[in-house]
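Please report on the structure shown below. Cover its domains, its largest pocket, its nonpolar core and a handful of single residues.

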Amino acid sequence: MSLRRFLGSLSAAALMTIVPPALADGEVNLYTSRHYDSDQVLFAAFTEATGITVNVIEDKAGKLIERIKTEGVNSPADVFLTVDASNLMNAASDGLFQATSSDSLDSRIPANLRHPDGLWFAFTKRARVIMVREDAGVTGLERYEDLADPRFDDMICIRSSGNIYNQSLVGSLIAANGEEATAAWVQGLVANMAREPESNDTGQIRAVAAGECSIGVANTYYLARLTRSDDPADRAVAAAIDVILPNQDDRGTHVNISGAGVLSHAPNAANAVAFLEFLASDEAQLAFADGNNEWPAVEGVAHGSVLDDLYGEFAQDDISVATFGANRSSALNIMEANGWK
Ligand code: FE
């Protein structure tokens with residue numbers, strides 16, 4: 001079933017059970033750095049179910065954080081929705097969120113995927129994995145730690161240290177191995193790079209498929225997107241890739257999130273909570289995640305079969321995403337100090 005048809009089939013009565021009728025009017029002002037058409041369809045479904053209008057402002061996460069800070073107490077923003085736990089922790093450490101107390105969110109979103117004080121909640125999960133060209137003959141690469149092994153000299157494509165997905169990954173390595181070991185790891189990885197960091201995650205996958213490097217690092221949904229592309233050239237790129245899910249025999253593969261929280265000066269805070277609870281409903285979880293080929297944060301919700309085909313079931317690092325999010329600035333310092341451009 002297409003996403004649009006699926007959303008059209010959503011039962012307003014079912015949605016109303018999670019949104020008290022007393023709140024069923026007014027508006028909610030959403031600042032989001034997600035930029036997927038599927039999200040817009042989902043927001044329309046919320047309005048359909050509740051009568052609450054969703055006013056959307058889209059920009060990059062850093063720009064939205066600056067904007068919310070500048071607007072201060074006069075900010076019209078109710079909800080900040082973004083990708084990556086490090087972005088959410090940046091906003092939290094700037095005091096932008098208020099604590100949300102919601103039995104429904106607390107019971108549905110696993111504890112390691114939400115802020116311990118209820119400042120934000122994850123709604124989707126993505127993993128950052130290793131992708132190799134299937135005919136490159138790469139063997140013995142099983143852990144993130146192995147990326148620093150001299151056996152993989154001149155083989156790795158990965159984007160810059162400025163990329164927040166990499167900062168979060170390094171934050172998780174700091175949590176697992178400590179700062180000193182992580183600094184040595186960064187040195188080894190940099191020595192193994194096939195080229196200076198450039199481009200985005202899709203660019204790393206394309207470079208691996210094209211033979212510019214044998215090993216890449218990218219988020220799971222980018223490969224899923226290429227697999228589902230209408231363009232046969234994209235599907236050929238995806239078909240050339242083998243996935244390595246790192247650290248299956250120890251802490252599990254690094255998992256990051258997209259998520260949202262209610263802002264400190266939200267003029268429509270009750271509507272904002274209703275909106276977050278809607279995003280955690282089974283129906284919204286499926287649509288939200290499937291629209292961008294992510295896993296639902298709520299356990300037990302079905303998801304797109306392309307993820308099963310590409311990745312199957314795998315061990316996921318269950319560290320609190322708040323922990324590596326809080327390591328972001330030390331991660332960046334270590335990356336820059338050890339030559340990761
Ligand atoms: Fe992304």
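Helix H10 spans residues 220–227, and 6 of its 8 residues are buried, so the rest of the structure largely encloses this helix. The buried set is Thr220, Tyr221, Tyr222, Leu223, Ala224 and Leu226. The model is predicted.

Just past this helix comes a loop. Arginine 228 sits there, between H10 and helix H11 (232–239). Is arginine 228 buried, partly exposed or exposed? Its relative accessibility is 46%, so arginine 228 counts as partly exposed, because the partly exposed class runs between the 20% and 50% bounds. Outside its neighbours within four places in sequence, arginine 228 contacts Asp290, Asn293 and Val306. Isoleucine 65 is 163 residues away from arginine 228 along the chain, and their C-alpha atoms are separated by 33 Å.

Helix H11 holds aspartate 234. Aspartate 234 is buried, at a relative accessible area of 15%. Beyond four places in sequence, aspartate 234 touches Arg206, Leu226 and Ser229. Leu226 is itself one of the buried residues of H10. Aspartate 234 and arginine 206 lie 28 residues apart in sequence, with 8.7 Å from C-alpha to C-alpha.

**Domains**

The protein divides into domain 1 (3–125 + 256–304) and domain 2 (127–253 + 313–337). Their C-alpha centres are 28 Å apart. Domain 1 brings 20 residues to the contact, and domain 2 brings 20 residues.

**The largest pocket**

The largest pocket holds about 470 Å³ of space. Its lining counts 20 residues. Which of these lie nearest the centre of the pocket? They are Lys60, Ala61, Val83, Asn87 and Tyr165. Several elements give two or more residues to the lining: helix H4 (61–71), strand E3 (79–83), helix H5 (85–93), helix H7 (164–177) and helix H9 (201–210). H4 supplies the largest share, 3 residues. By class, the lining has 7 nonpolar, 9 polar and 4 charged residues. Where does the pocket sit relative to the domains? Domain 1 and domain 2 both give residues to the lining, so the pocket lies between them.

**The largest nonpolar core**

The largest nonpolar core has 53 residues. Those with the most contacts inside the core are Phe80, Phe97, Ile109, Trp120, Phe123, Phe275 and Leu276. Both domains give residues to this core, so the core lies between them.

Phenylalanine 123 shows such packing in detail. Leaving out residues up to four places away in sequence, phenylalanine 123 touches Leu105, Ile109, Ser258, Gly259, Ala260, Leu276, Leu279, Ala280, Gln285, Phe288, Pro296 and Ala297. Two of these partners, Ile109 and Leu276, are also listed among the core residues with the most contacts.

**Loop residues**

Two loop residues have a positive phi, and neither is glycine. Aspartate 84 has phi near 80 degrees. Aspartate 84 lies in the loop between E3 and H5, two elements that each give two or more residues to the pocket lining. Asparagine 293 has phi near 55 degrees. Its loop runs between helix H13 (282–291) and strand E9 (295–296). Asparagine 293 is also one of the contacts of arginine 228.

How buried are these two residues? Aspartate 84 has a relative accessible area of 0%, and asparagine 293 has 6%. Both count as buried, because buried means under 20%.

Serine 160 belongs to another loop, between strand E5 (156–157) and H7. Serine 160 is partly exposed, at 28% relative accessible area. Beyond four places in sequence, serine 160 touches Asn166, Pro197, Trp340 and Lys341. The C-alpha atoms of serine 160 and aspartate 201 are separated by 10 Å, although the two are 41 residues apart along the chain.

The accessibility values for the single residues are set out here.

| Residue | Relative accessible area | Class |
|---|---|---|
| Aspartate 84 | 0% | buried |
| Asparagine 293 | 6% | buried |
| Aspartate 234 | 15% | buried |
| Serine 160 | 28% | partly exposed |
| Arginine 228 | 46% | partly exposed |

Definitions and conventions:
Residues numbered from 1 in each chain as written. Predicted model: local features only at pLDDT ≥ 70, side-chain atom pairs only at ≥ 80, totals over all residues. Heavy atoms only, no water. 1 Å grid on protein atoms, 1.4 Å probe; cavity = no way out; pocket = protein on both sides within 12 Å on 5 of 7 lines; lining within 4 Å. Points joined across faces, edges and corners; volume = space filled by probe spheres on them. Helix = DSSP H or I, 4+ residues; strand = E, 2+ residues; numbered from the N terminus. Nonpolar A, V, L, I, M, F, W, Y, C, P; charged D, E, K, R; others polar. Domains from an automatic or database assignment. Core = buried A, V, L, I, M, F, W, Y, C linked by side-chain atoms within 4.5 Å. Buried < 20%, exposed > 50% of the residue type's maximum accessible area, 1.4 Å probe, protein only. Contact = heavy atoms within 4.5 Å.
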